[in-house]
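Open the structure in your viewer and show the backbone as a cartoon. Keep the selection tool at hand.

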Amino acid sequence: MKNKLFKAAACVSVVAFLATPALAKKVKWKLAETWPSTLTPLASPPAKMAAMVKEMSGGKFIIKVEGKEKHKAPLGILDMVKGGQYQMGHSGSYYWKGKDINTIWFTTVPFGMTMKEQYAWFYYADENHDGKPDGMEYMKKVYDKFKVLNFPGGNTGVQMGGWFRKPINSVADLKGLKMRIPGLAGEVMAKLGVNVTNIPAGELYTSLDRGTIDALEWVGPGMDIKMGFHKVAPYYYTGWHEPASEMQFLVNKRAFNKLSKANQAILITAMKASAADMYYENFAASVDAWAKMKKDYPNIKVKSFPAPVVKAMKKATDSVMANYASKNKLFKEIYENQQAWIKKARAWSKMGEYGYIKTCEEVK
């Protein structure tokens, strides 16, 4: 009996020992990102996430990050993760609108939510009254058919409305304007008579400088300064079209389900932390970049589109949304859900931070 107890105890001890992180099986994954690995802050979340996963797992969970310079397929991320060539991806959800228009809701839409409103929608809003956060619930519903999991992957915050060679004083000034502006915003601008184009990033500066295009939108000072647009276009307009551009982490569902519960928790925690950090990084970069732009190029004029132009943009946006909603039941459902949340959340957005900034401005 004593020997049997000893052998049983020994077996339990061995099993417990083998289950410790020190002897846990090593997991090696690969992540493909849409951007070059040097294009920060867009490329920052994957690198920081991978570093956190490695540290928290004691070096037993390794994720190798590969930029577009490696895999050569910047807009093939969803397909590569779905197919299993990569266990993870980092990109922008609205790049897949051709596969499913509902993917746009997890990046941003014209006249949509601010970054804070959007993150609250992802993780805490429950306008469906079913005890689940609406944003993550809709993400799962949209991405289930691709056999991938989707998680927020970092936010730029509000993006600027673009660099223009000439001022926009009326809706008439938009007609015939040649502008680089993708996505739903491009559809809106096309309705207002803009000749919309989407040329490669490497050709944007030259196109703007030579007058091949009259205007373009990119991101904000922190990223725009690297492109040099401020050197050739003096009018910098405030935003309307991308109020909170969210990136995404894509995870192959089968690969995720094979992870231990501990590694699943480590991965989710690292994704959430690195996503939040991107906004802080981009905000700080824009602060520094705008200070430098103002100093080196004092003739830059920051402008907001005139009220009649903004009203026309909003009307065109509503028309685009109504068209999609009439054809797609889920689009209509998510649109109405987001609008209800915006109405509720915007009251606090205006009363809180916006009210504080306005108060400070009044006493200067």
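The tour below goes through salt bridges, a helix pair and a few unusual backbone spots in this predicted model.

**Stop 1: a lysine with two partners**

Side chains of opposite charge can pair when their charged atoms come close. A search of the whole structure turns up 17 salt bridges. Select K48 and D277 to see one of them: their side chains form a salt bridge, with 2.5 Å from N to O. K48 belongs to helix 2 (residues 44-56) and D277 to helix 11 (residues 261-296), so this pair joins distant parts of the chain, 229 residues apart.

Now add E281 to the selection. What does E281 do with K48? The two side chains meet in a salt bridge as well, at 3.3 Å from N to O. E281 lies in helix 11 and K48 in helix 2, so this pair ties together parts 233 residues apart in sequence. With the three residues shown together, you are looking at a network of salt bridges that links K48, D277 and E281.

Switch on the surface here. Are these residues buried or exposed, or in between? D277 has 27% relative accessibility, so it counts as partly exposed. K48 is partly exposed too, at 34%, and E281 is partly exposed with a relative accessible area of 25%.

**Stop 2: another salt bridge**

Select D144 and K140. They form a salt bridge in which the closest N and O atoms are 3.0 Å apart. D144 is partly exposed, because its relative accessible area is 28%, which falls between the limits of 20% for buried and 50% for exposed.

**Stop 3: two helices that cross**

Select residues 183-191, which make up helix 7, and residues 307-327, which make up helix 12. The two helices pack at an angle of about 120°, and their axes are 9 Å apart. The crossing is right-handed.

Show the side chains where they touch. From helix 7, the residues in contact are L184, E187, V188, M189 and K191. On the side of helix 12, they meet M313, A316, T317, S319, V320, M321 and Y324. What kinds of residue make up the contact of helix 7 with helix 12? Eight are nonpolar, two are polar and two are charged.

**Stop 4: unusual backbone spots**

Most residues other than glycine have a negative phi, and most peptide bonds are trans. The next three selections depart from this pattern in one way or the other.

Go to T40 and P41. The peptide bond joining them is cis, with omega at about 5°. P41 sits in the loop between strand 1 (27-33) and helix 2, and K48 from the first stop is in that helix.

Next, select F111. F111 is not a glycine, yet its phi is positive, about 60°. You will find F111 in the loop between strand 3 (88-92) and helix 5 (115-123). F111 is partly exposed, with a relative accessible area of 24%.

Finish at K147. Where is K147? K147 lies in the loop between helix 6 (134-143) and strand 4 (148-155). Here too phi is positive, near 60°, in a residue other than glycine. K147 has a relative accessible area of 56%, which is over 50%, so K147 counts as exposed.

Technical notes:
Residues numbered from 1 in each chain as written. Predicted model: local features only at pLDDT ≥ 70, side-chain atom pairs only at ≥ 80, totals over all residues. Heavy atoms only, no water. Salt bridge = Lys/Arg side-chain N within 4 Å of Asp/Glu carboxyl O. Helix = DSSP H or I, 4+ residues; strand = E, 2+ residues; numbered from the N terminus. Buried < 20%, exposed > 50% of the residue type's maximum accessible area, 1.4 Å probe, protein only. Axes fitted to C-alpha atoms, helices over the stretch in contact; angles between N-to-C directions. Left-handed = near helix turned anticlockwise from the far one by under 90°. Contact = heavy atoms within 4.5 Å. Nonpolar A, V, L, I, M, F, W, Y, C, P; charged D, E, K, R; others polar.
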